[in-house]
Amino acid sequence: MLTRLLLVLAALLFVATPHFTVAAAVDDVDWWENAALYQIYPRSFQDSNGDGVGDLQGITQRLAYLKEIGITATWLSPIFSSPMSDFGYDISNFTEVDSIFGTLDDFKALMVQAKSLGLKIILDFVPNHSSDECEWFQKSVNRQDGYDEFYVWHDGKVNAETGEREPPSNWVSVFGGSQWTWHETRQQYFLHQFQVKQPDLNFSNPMVREHMLDVLGFWLDLGVDGFRIDAVPHIYEHRNADGSYPDEPVSGWSSDPDSYDYHDHIYTKDQPDTVELMYEWRDYLLKYEAEHGGETRVLLAEAYSAVETLSAYFGNGTRLGTQLPMNFQLMYLSGYSTARDVVGNIDYWMNTMWANHQTANWVVGNHDTERVSTRMGAHKVDLLNVIVNSLPGASVTYYGEEIGMANVETECTEISCDNRDGERTPMQWAPTKNGDFSTAESTWLPLSTDFERYNVRTERGVARSSLQVFKGLQQLKSSSAFLAFKQEGGFSYEAVTEQVLQIIRTNLRNEEYRILVNMGNKIEKITGLSNKVYEYILVTAYSVHRPGETIDLSESIILMPYEAIVLRWLA
Ligand SMILES: *[C@@H]1O[C@H](CO)[C@@H](O)[C@H](O)[C@H]1NC(C)=O
Ligand SMILES: *[C@@H]1O[C@H](CO)[C@@H](O)[C@H](O)[C@H]1NC(C)=O
Ligand SMILES: *[C@@H]1O[C@H](CO)[C@@H](O)[C@H](O)[C@H]1NC(C)=O
Ligand SMILES: CC(=O)N[C@H]1CO[C@H](CO)[C@@H](O)[C@@H]1O
Ligand SMILES: [Ca+2]
Ligand SMILES: [Ca+2]
């Protein structure tokens, strides 16, 4: 019903609107609104010096590949100086490149190559905490002038019964255990929402905020196109007027008092000041743009928060905030999710974010989440890639998802023992030694055992491989009908059966694409989708059709299990 209404509106607009507004409408889409974003985990993309760990020169060598597959911008997980206790999410110097990744000159060379290819570079920005080895923390420990209140320190409280000192509150860290750790030198507790080696900065301190703006400025001056802000909901904590910290209530989701899920995080997540901070950072970027020119600089925000909170991050009518509060809804799908489930997860975002701000982005995975192949099954990888690249807005691909990489079973080593290692293994470039990731004898994490089948070089030569499907999708994503999503009736989506998702993309030039995705393991026969004749233009491995074949949708269409196709109306 909704579909039909939108199509009728589109048809009406086509009649009533002269052609020049078409161009104007398409041009109204700023680069980030429809971007194909790609996350690189630098340790695992390409090793250039044979030490078994990826690095900046390696990324530079591989930038042409990103261009080949149609990427607009890539964001790099942290490349900054770090003791690597959380692989770079524990930063000891925010304006220095860690030697394992190379030098600042390597980064400058990367920027030059990216600019010459027309690729945008986005850096990870980790404001919530620094490493305990950061000079700022050392100064704070020693109460040096100006740094005394840089972090969140507290004396703790004395237990009336035992007379012993206890942490200021019952807060549990994201990785388990108390958020408060006693510091012998300073004789106070410090707060850490993540690891002990990641003390939280005090964002109520204007000096901290200023230092962080300087960090943004440092990298902007080197030409970066924006930042992806880590762990946004954790930046502020609630503090009572008397300086004490309130306990968090039990959530009922976990029986282990040391696990993060044990409490409802009403005082340590999504505090109101966070929204204001997003506006402050965006203002800084806007000022930078006004002074230096060039294209829009973006802020992506990592926030596992309710969509209403994300909506406030985006802006409120008078203030602008982060352009891309990341949407993880499609990451929550499982192997059992039906097309109707998918629509529910899409609705959750669209009903608020699209309705209020006409903005959307779709994340498939990241370095904290099992890969699609493992989470949903190898036969669902292409389906997810089709869905995120067919919906309006920006798509966010985690490296390797375009070739269908799966999680790898890893064992603890001296270098790493993290339950997230399985989705952080080396990129699979070719069916040769170490997948052409490194010339080392061994790599920091092992290669997948099936890299000889799932790798870039092999998939380049196989029609309908995940890589070929992904490339085809990027071509469509940058075409006129897929860019016209802000126009009335520019898109629609619905579950036409329990298992079949349909997405329609149109523009005012009367072009129309229909994307059909069969999430189920049964053959589906569908009638009444349309009364027009279409051409198959993109097919996945499970399809029995070829591009160029036609189909009359006034009759019926048959979809094989796990088949996804893109049809174009032959007007
Ligand atoms: C970070 O490194 C730069 C360059 O080595 C140095 O000038 C600066 O003082 C360092 N900053 C901190 C906070 O350690
Ligand atoms: C954070 O900094 C502000 C401003 O310097 C200060 O008023 C506040 O007490 C500090 N908070 C903590 C927990 O130290
Ligand atoms: C938007 O947010 C700013 C800063 O928090 C606030 O001052 C302003 O009143 C808000 N505007 C609206 C329309 O809510
Ligand atoms: C997805 C993501 O970036 N997660 C990171 C959030 O922040 C913590 C602490 O900085 C990291 O450990 C996660 O990897
Ligand atoms: Ca290396
Ligand atoms: Ca914090």
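This is a short group-meeting talk about two calcium sites, one ligand and a small sheet in a predicted model.

Okay, hi everyone. Just to say it up front, what you see on the screen is a predicted model.

Let's start with the calcium ion called ligand 5. Which residues hold it? The protein donors are D47, N49, D51, V53 and D55. V53 uses its O atom, while N49 brings in OD1, and the donors lie 2.3 to 2.4 Å from the ion. If you follow the sequence, the spacing reads D-x1-N-x1-D-x1-V-x1-D. Are D47 and V53 buried or exposed? D47 has a relative accessibility of 5%, so it counts as buried. V53 also comes out at 5%, and therefore counts as buried.

Now over to the calcium ion that is ligand 6. Here the coordination comes from N128, D200, H234, I235 and E237, at 2.2 to 2.7 Å. H234 and I235 both contribute their O atoms. Along the chain, the donors are spaced N-x71-D-x33-H-I-x1-E. Where do D200 and H234 sit? D200 is in the loop between β10 and α6, and H234 is in the loop between β11 and α7, so this pair ties together parts that are 34 residues apart in sequence. And if you look at their surroundings, D200 is buried, and H234 is too.

Next up, ligand 1. Around it you'll find N93, T95, E96, E135 and W136. On the polar side, an N or O atom in the side chain of E96 is 2.6 Å from an oxygen atom of the ligand. E135 has a polar side-chain atom 3.2 Å from an oxygen atom of ligand 1. How much of the ligand does the protein cover? On its own, ligand 1 has 360 Å² of accessible area, and the protein covers 51% of that. Two elements, β4 and α5, give two or more residues each to the shell, and β4 has the largest share, with three residues. By type, the shell splits into one nonpolar, two polar and two charged residues.

Last stop, a sheet. It's an open one with three strands, in the order β6-β10-β9, and the pairing is antiparallel. Which strands are at the edges? Those are β6, at 153-154, and β9, at 180-183; each has a single partner strand, so one side of each is left without a neighbour in the sheet. Between β9 and β10 there are four bridges. One pair to click on there: W182 has Y189 in β10 as its bridge partner.

That's my tour, thanks for listening!

Definitions and conventions: Residues numbered from 1 in each chain as written. Chains lettered and ligands numbered in written order. Predicted model: local features only at pLDDT ≥ 70, side-chain atom pairs only at ≥ 80, totals over all residues. Heavy atoms only, no water. Donors = N, O, S within 2.8 Å, 3.2 Å for Na, K, Ca; no water. Buried < 20%, exposed > 50% of the residue type's maximum accessible area, 1.4 Å probe, protein only. Near = heavy atom within 4 Å. Polar contact = N/O pair within 3.5 Å; in protein donor to acceptor, adjacent residues only side chain to side chain. Areas by Shrake-Rupley, 256 points an atom, 1.4 Å probe, with all protein chains shown as cover. Nonpolar A, V, L, I, M, F, W, Y, C, P; charged D, E, K, R; others polar. Pairing = 2+ DSSP bridges.
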